[in-house]
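Good morning, everyone, and thank you for making time for this. I would like to take you through one structure, beginning with the chains and ending with a few individual residues.

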Amino acid sequence: MTAQEVRLCGLLLQEHFGEVVAKVGTHLLKSGAQNLRTIIHETGISLDLVKKSLCVLVQHGTCVFSSGRKAPGSPTEYRTSCDRILRILRYPRYIYTAKTLYGDTGELIIEELLQRGDMTMSSTVKTVADRLTQNMEEGRSMDYSEVSSAFSKLVETHFLQRCPPMAGAGTKDSGTPATPATPAIPESFPDCYRVPHVTLIGRGKRRLSNEDGEDQRNAKKTKMDSETHGDEGIYWQVNFERFHLHFRDQAIISAVANKLDQTSSEIVRTMLRMSEVTTSPTATCTKPLSANEIFRSLPSSYNIPRPILDQYLTLLVDDPMEFVGKAGESGGGMYVVNLHKALANLARATLESVVQERFGSRSARIFRLLLRKRHLEQKQVEDFAMIPAKEAKDMLYTLLSQNLVQLQEIPKTPDYAPSRTFYLYTVNQLPTARMLLQNCYKTVANLIERRLFESKESKRLLEKSQRIEAILASLQASGAEPEQLTEVEEMITAPEKQQLEALRLHINKLDSAENQVDETIFLLESYVNSTATS
Amino acid sequence: MTGRGRGRGRRMMTFSVEAVGINRGDSLPPSIQQPTPLFPVMEQKPLPLAGGEEAEYLLALKQEFRGAMKSLPCFIQPAAAHRDVERYSDKYHSTEPADGPTDWTTDWKRFPKELRVRVKKPTRDGVSAAVTRSDRVQSGQKKKKIKEKEEVLLKLETLEKKEERGSSGEEEEEGEEKKKKQEDEEAEGEEEYDEEEFEEETDYVMSYFDNGEEFGGDSDDNMDEAIY
């Protein structure tokens with residue numbers, strides 16, 4: 001829980017849940033597990049608001065509670081962790097992936113679940129059907145069964161999972177001392193991916209033009225109309241790990257496509273698809289697949305003859321990036337995809353490109369050299385990199401001052417005398433990756449702050465434009481003449497329009513930048529996590 | 001032995017100068033006298049952002065998600081800061097988060113007991129007819145003692161107020177009654193009630209007080225004379 005992570009989490013919570021939740025969340029992040037009284041006392045927020053914030057955090061899965069550590073009867077303690085909050089940066093990517101895999105229905109299901117934290121299947125299906133109906137033409141509506149089938153498909157491919165039941169929540173007063181300190185991991189649950197039998201028959205409802213009245217009536221209807229669909233108490237959440245595996249696979253496939261060619265990437269894609277269910281998330285490499293199996297499972301559009309496939313596989317194995325490895329000779333050759341090695345290579349490529357963009361291609365050459373040769377002396381660096389001594393020195397010192405390169409001392413004598421010590425330059429990939437990851441967090445936090453600053457500067461202008469848009473919309477709805485509309489539009493002067501345009505451009509740029517930095521964050525995080533487990 | 005060169009000669013350093021590559025006669029770069037500038041000049045300009053359809057769609061998704069979160073009940077506004085003086089524009093600024101708390105129905109069994117807020121209190125601030133009707137049913141079951149006490153006080157109040165206020169007063173009373181029946185917490189109920197008590201029940205009996213409203217009413221009969 002570094003300072004940068006905490007700062008970024010605070011900003012993300014503030015943007016999505018409001019300032020109160022942000023304060024409570026950052027306080028929990030900084031101080032570890034705490035009970036309710038301490039939180040209230042230390043943050044100075046009223047009991048009511050703290051309770052609401054904790055409810056919001058728990059519902060969205062960012063906060064876990066457990067009975068106190070000191071004694072079985074001590075008050076419940078609440079704990080948050082950075083990882084879950086940092087996922088918020090990646091929500092657009094999850095939604096977009098669901099769209100590419102399962103269409104608009106899948107997209108809306110994931111979006112609803114991300115917005116609400118967790119929901120039952122029936123309520124998700126109803127809400128999504130209503131939203132889809134809203135966007136369809138008049139007279140058509142979305143059937144619940146279509147949405148349910150999309151939901152089931154998402155569960156089958158493990159993109160959605162059941163929320164684990166909160167042990168100790170309801171049975172607190174029974175005084176069982178053996179309530180587990182940590183809540184159950186969803187995967188340890190046998191029913192994690194079982195779709196309940198739900199009786200959902202109906203079609204989506206379209207909201208009529210008189211929205212306010214309808215909203216209230218609908219709200220009342222949902223309150224009084226509590227039909228049970230057979231799945232009460234079963235809540236579903238998005239399974240982020242599965243999405244991450246998918247992103248990782250996509251990264252590997254696109255890397256192969258960039259390095260080699262389209263056909264090799266198709267072969268790797270086939271291999272990964274076949275091993276989706278057999279590979280555990282933390283596996284170093286996929287289960288071995290024989291060349292015969294791969295040949296049979298290739299998509300029919302790629303009818304390459306068998307010997308060509310063998311040649312492609314040999315090429316992939318011989319490639320220095322080591323995406324694919326050979327694990328045996330039976331069945332025409334057993335091949336595996338080296339997942340951890342691939343991640344390490346992707347992270348290394350990221351580091352190299354960072355150095356290249358920051359310091360120039362010659363510094364990048366030195367960096368790559370040090371990565372490959374591990375330890376080099378000053379003189380050797382100049383020779384191998386073929387860069388004149390003075391410039392090489394300069395570049396090395398710049399890299400050293402930025403902590404991308406480290407100096408390793410190897411003494412000849414026990415007293416570390418400077419004249420009798422070797423000084424070798426070296427690059428350690430893992431610590432450098434961690435450092436860059438922290439830089440990425442800092443970058444995103446800075447981007448968010450700048451965006452908030454820009455919005456605050458032009459707050460007055462934004463409010464004015466919003467009001468004018470509202471007036472325009474109401475005028476149009478009530479059927480006004482074009483002259484009235486132009487008159488209202490002219491209430492914003494031309495320089496103000498320009499200012500608004502520039503503001504919109506800046507905010508879009510900052511948002512886009514956040515998305516892009518998040519891609520780097522994903523790569524580096526996956527790499528760091530993979531080394532932790534292996 | 002070590003550190004022998006300290007202070008002797010400007011150019012002695014703790015590490016071997018030749019090994020790292022600074023030869024004699026080379027000028028060292030100037031030493032830094034102050035912290036590095038906040039926005040240093042970049043020699044290499046950064047690459048432009050990745051454009052394309054996917055990036056734009058992701059951007060749109062992100063902004064929509066943010067906007068949607070702001071309107072959900074999960075978005076908790078801090079308690080509105082009370083300004084020093086009541087302003088006219090406060091009436092037109094929407095401060096209440098609409099029906100945020102009521103919308104948020106969740107399975108309270110999944111939360112620890114101390115967080116279960118909504119089970120006890122129904123909404124206090126919903127004034128619309130639909131909400132009051134349903135809440136009156138709910139709150140009628142709870143805390144009968146307070147209701148009785150409030151009803152007695154209410155009766156006294158209504159008797160007093162009947163003299164001063166006309167039909168508009170009765171509607172207000174009904175509104176106040178409804179509001180009070182929704183209030184569950186003793187403290188809040190008594191607070192609001194006390195405020196109203198003080199408004200109506202001053203030490204001075206209202207009927208004795210002549211606030212000048214009747215002045216000038218008599219002269220309406222004769223319109224020929226000027227009204228001063």
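What follows goes from the two chains to helix packing, then to salt bridges, and last to two single residues.

Please keep in mind throughout that this is a predicted model, so that everything I describe is computed from predicted coordinates.

Let me begin with the chains. Chain A has 21 helices and 12 strands, and of its 534 residues, 47% are buried. If we take the contacts in chain A between residues at least 6 apart in sequence, 66% of them join residues that are at least 24 apart. Chain B, for its part, has seven helices and zero strands, so that its elements, read from the N terminus, run α-α-α-α-α-α-α. In chain B, which has 228 residues, buried residues make up 24%, and among its contacts between residues at least 6 apart in sequence, 49% join residues at least 24 apart.

Now to helix packing, where I have chosen two pairs from chain A. In general, two packed helices are described by the angle between their axes and the distance between the axes. In the first pair, helix H16 of chain A, residues 378-385, and helix H17 of chain A, residues 389-401, have axes that come within 10 Å and cross at roughly 115°. H16(A) and H17(A) are therefore roughly perpendicular to each other, and their crossing is right-handed. Which residues of H16(A) and H17(A) meet? From H16(A) there are A:Gln378, A:Val381 and A:Glu382, and these meet A:Ala389, A:Ala392, A:Lys393, A:Leu396 and A:Tyr397 in H17(A). Sorted by class, this contact of H16(A) with H17(A) has five nonpolar residues, one polar residue and two charged residues.

The second pair is H18(A) with H21(A), which pack at an angle of about 160°, with their axes 9 Å apart. H18(A) and H21(A) are therefore roughly antiparallel to each other, and the crossing here is left-handed. The residues of the contact of H18(A) with H21(A) divide into 18 nonpolar, six polar and seven charged.

That brings me to the salt bridges. A search of the whole structure, over all chains, finds 30 salt bridges, and I will discuss three of them.

One is between B:Arg66 and A:Glu15, where the closest N and O atoms are 3.7 Å apart. Because B:Arg66 lies in helix H2 of chain B, residues 53-71, and A:Glu15 in helix H1 of chain A, residues 3-17, this pair joins two chains. Both B:Arg66 and A:Glu15 are buried.

Another is between B:Lys62 and A:Glu514, with the closest N and O atoms 2.8 Å apart. This pair crosses between chains as well, from B:Lys62 in helix H2 of chain B to A:Glu514 in helix H21 of chain A, residues 494-533. Are B:Lys62 and A:Glu514 buried or exposed? With a relative accessibility of 8%, B:Lys62 counts as buried, and A:Glu514, at 2%, counts as buried too.

These two pairs belong to something wider, since A:Glu15, A:Arg451, A:Asp511, A:Glu514, B:Lys62 and B:Arg66 are linked in a network of salt bridges.

The remaining one of my three lies within chain A, where A:Arg450 forms a salt bridge with A:Glu454, their closest N and O atoms being 2.9 Å apart. Because A:Arg450 and A:Glu454 are four residues apart in helix H18 of chain A, residues 429-457, they are separated by about one helical turn. Here A:Arg450, at 42% relative accessibility, counts as partly exposed, whereas A:Glu454, at 13%, counts as buried.

Finally, two single residues of chain A. A:His244 lies in helix H10, residues 240-259, and at 9% relative accessibility it counts as buried. Leaving aside its neighbours within four places in sequence, A:His244 is in contact with A:Arg87, A:Arg90, A:Tyr94 and A:Phe522.

A:Thr279, by contrast, is found in a loop, the one between helix H11, 262-274, and strand S7, 289-290. Even so, A:Thr279 counts as buried, at 13% relative accessibility. What is A:Thr279 in contact with, leaving aside its neighbours within four places in sequence? Its contacts are A:Cys285, A:Thr286, A:Lys287 and A:Leu339.

I will stop there and take questions.

Definitions and conventions. Residues are numbered from 1 along each chain as its sequence is written. Chains are lettered from A and ligands numbered from 1 in the order in which they are written. This is a predicted model: local features need pLDDT of at least 70, side-chain atom pairs count only at pLDDT 80 or more; totals for chains, interfaces and linings use all residues. Side-chain values use heavy atoms; hydrogens and water are left out. Axes are lines fitted to C-alpha atoms, for helices over the stretch in contact, and angles run from 0 to 180 degrees between N-to-C directions. Angles under 35 degrees count as roughly parallel, over 145 as roughly antiparallel, 65 to 115 as roughly perpendicular and the rest as oblique. A crossing is left-handed if the near helix is turned anticlockwise from the far one by less than a right angle, and right-handed if clockwise. Contact means heavy atoms within 4.5 Å. Ala, Val, Leu, Ile, Met, Phe, Trp, Tyr, Cys and Pro count as nonpolar, Asp, Glu, Lys and Arg as charged, and the others, Gly among them, as polar. A salt bridge is a side-chain nitrogen of Lys or Arg within 4 Å of a carboxyl oxygen of Asp or Glu. Buried means under 20% relative accessible area, exposed over 50%, partly exposed in between (1.4 Å probe, protein chains only).
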